[in-house]
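Let's take a walk through this model together, starting with the overall fold and then going down to individual side chains. Keep the viewer open as you read.

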Amino acid sequence: MGIENFFPNMDQCIFVLHCITIMKTISIRVNDDLEKDLDEWTKESGRSQSDLIREALERHLRIKKFRELREMLVPYAQKAGYYTDDDIYNDPDLA
């Protein structure tokens, strides 16, 4: 039984996909200065501590992954004659 059996006028339907993400709860310990900074950041942004900490952790992990990939690719870039970021940005073949 296909979806068209449930929606005979499928060409007239608009579908909304709703994803539910199940999140785990973790606890962290912070010193007084970090707690104060987090409280200020929360008030300034109007966002929850959980949102801010999650976003900061995601950003940190993306940067970590970027650095790992970059380190992996450096030998290949150097073999091709690229030793600095400027070497890459100034290469007319890559523009």
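What follows goes from the fold to the salt bridges, then to the surface patches and the last helix.

A word on ground rules before we start: this is a predicted model, so local features need pLDDT of at least 70 and side-chain atom pairs count only at pLDDT 80 or more, while totals for chains, interfaces and linings use all residues. Residues are numbered from 1 along each chain as its sequence is written, and side-chain values use heavy atoms, with hydrogens and water left out.

Start with the fold. The protein has three helices and zero strands, and along the sequence that reads as α-α-α. Helices here are DSSP runs of H or I with at least four residues, strands are runs of E with at least two, and the numbering goes from the N terminus. Helix α1 covers residues 32–45, helix α2 takes in residues 49–79, and helix α3 spans residues 85–89.

How much of the chain is buried? Of the 95 residues, 4% count as buried. The cut-offs are under 20% relative accessible area for buried, over 50% for exposed, and partly exposed in between, with a 1.4 Å probe and protein chains only. In absolute terms, the protein exposes about 9,400 Å², and carbon and sulfur atoms supply 55% of that area. The areas come from the Shrake-Rupley method with a 1.4 Å probe, and for residues only the protein chains shown count as cover.

Now for the charged pairs. Side chains of opposite charge can pair when their charged atoms come close. A salt bridge here is a side-chain nitrogen of Lys or Arg within 4 Å of a carboxyl oxygen of Asp or Glu, and searching the whole structure turns up five of them.

Go to helix α2 and find aspartate 51 and arginine 54, whose side chains meet in a salt bridge at 2.4 Å, N to O. Both partners lie in helix α2, three residues apart, or about one turn of the helix. Aspartate 51 is partly exposed, with a relative accessible area of 28%, and arginine 54 also counts as partly exposed, at 31%.

Staying in helix α2, look at glutamate 55 and arginine 59. Their closest N and O atoms are 3.2 Å apart, which makes a salt bridge, and the two residues sit four residues apart, again about one turn of the helix. Glutamate 55 has a relative accessible area of 28%, while arginine 59 comes in at 36%; partly exposed is the label for glutamate 55 and for arginine 59. This pair also belongs to something bigger than itself: Arg47, Glu55 and Arg59 are linked in a network of salt bridges.

Which pair links distant parts of the chain? The side chains of arginine 70 and aspartate 85 meet in a salt bridge at 2.7 Å, N to O. Arginine 70 is in helix α2 and aspartate 85 in helix α3, 15 residues apart, so to speak a link between distant parts of the chain. Arginine 70 is partly exposed at 39% relative accessible area, as is aspartate 85 at 32%.

Next, the surface patches. These are made of residues with over 30% relative accessible area and no salt bridge, with like charges joined within 9 Å and nonpolar side chains (Val, Leu, Ile, Met, Phe, Trp, Tyr) within 5 Å. Asp32, Asp33, Glu35, Asp37, Glu40 and Glu44 gather in a patch of negative charge. One of them, aspartate 37, lies in helix α1 and is partly exposed at 46% relative accessibility. Asp and Glu count as negative and Lys and Arg as positive, with His and the chain ends not counted; each charge is placed at NZ of Lys, CZ of Arg, CG of Asp or CD of Glu. Ile26, Ile28, Val30, Leu34 and Ile53 make a nonpolar patch of about 450 Å², and leucine 34 in that group lies in helix α1.

Finish at helix α3, home of aspartate 87. Leaving out residues up to four places away in sequence, aspartate 87 touches Gly81 and Tyr82, where contact means heavy atoms within 4.5 Å.
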